[in-house]
Amino acid sequence: PTSSGEVDHTREMAPISVAELKEHIAFLRAVHKSSHGDESLYADGKRLRAAVRAYLAWLAARAADAPFGGMTLVTCPPPLDIAWVWHVHRLPPPRDARAGA
């Protein structure tokens, strides 16, 4: 965070490999292919709400596994729905146009 408490989203990110980029695109494609109609992971609905509940339970289980409240290494990827919520959770928040961004 900056001195004003805001998170600086302009800092450089670590470079990624072509293989990592292809893996990420495959993940996004899998989410897209599995999201249609009432089974969408893009809009508020039954599936997305279930995915958020599952993600919170998964996250709590990872935290319980962490020694002394520290970070834990995730060695097995979670199911697609949980991975999607995890992915979205890690994205920087959108800038609010009304805040002069």
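1. Ala83 is in contact with Phe27 and Pro78, once its neighbours within four places in sequence are left aside. The model is a predicted one, and the contacts named here are to be read on that footing.

2. Ala83 and Phe27 both belong to the largest nonpolar core. This core has eleven residues in all, among them Val31, Leu41, Leu48, Tyr55, Trp58 and Trp84. The elements that give two or more residues to the core are α1, α2 and α3.

3. Helix α1 runs over residues 18-34 and has 17 residues. From its first C-alpha to its last it reaches 24 Å, which is close to the 24 Å expected at 1.5 Å a residue.

4. Phe27, Val31 and Ser34 are the buried residues to note in α1. Seen down the helix axis, the buried residues of α1 fall within an arc of 80°, so they line one face of the helix. They pack against α2 (46-65) and α3 (80-90).

5. What does the face of α1 turned away from its buried side carry? That face has the exposed residues Val18, Lys22 and Lys33.

6. The loop between α1 and α2 contains Glu39. Its relative accessibility is 41%, so Glu39 counts as partly exposed; the class lies between buried, under 20%, and exposed, over 50%. Not counting residues up to four places away in sequence, Glu39 touches Ser34 and Arg47. Of these two, Ser34 is buried and lies in α1.

Key. Residues numbered from 1 in each chain as written. Predicted model: local features only at pLDDT ≥ 70, side-chain atom pairs only at ≥ 80, totals over all residues. Heavy atoms only, no water. Helix = DSSP H or I, 4+ residues; strand = E, 2+ residues; numbered from the N terminus. Expected span 1.5 Å × (residues − 1). Buried < 20%, exposed > 50% of the residue type's maximum accessible area, 1.4 Å probe, protein only. Arc of directions from axis to C-beta. Contact = heavy atoms within 4.5 Å. Core = buried A, V, L, I, M, F, W, Y, C linked by side-chain atoms within 4.5 Å.
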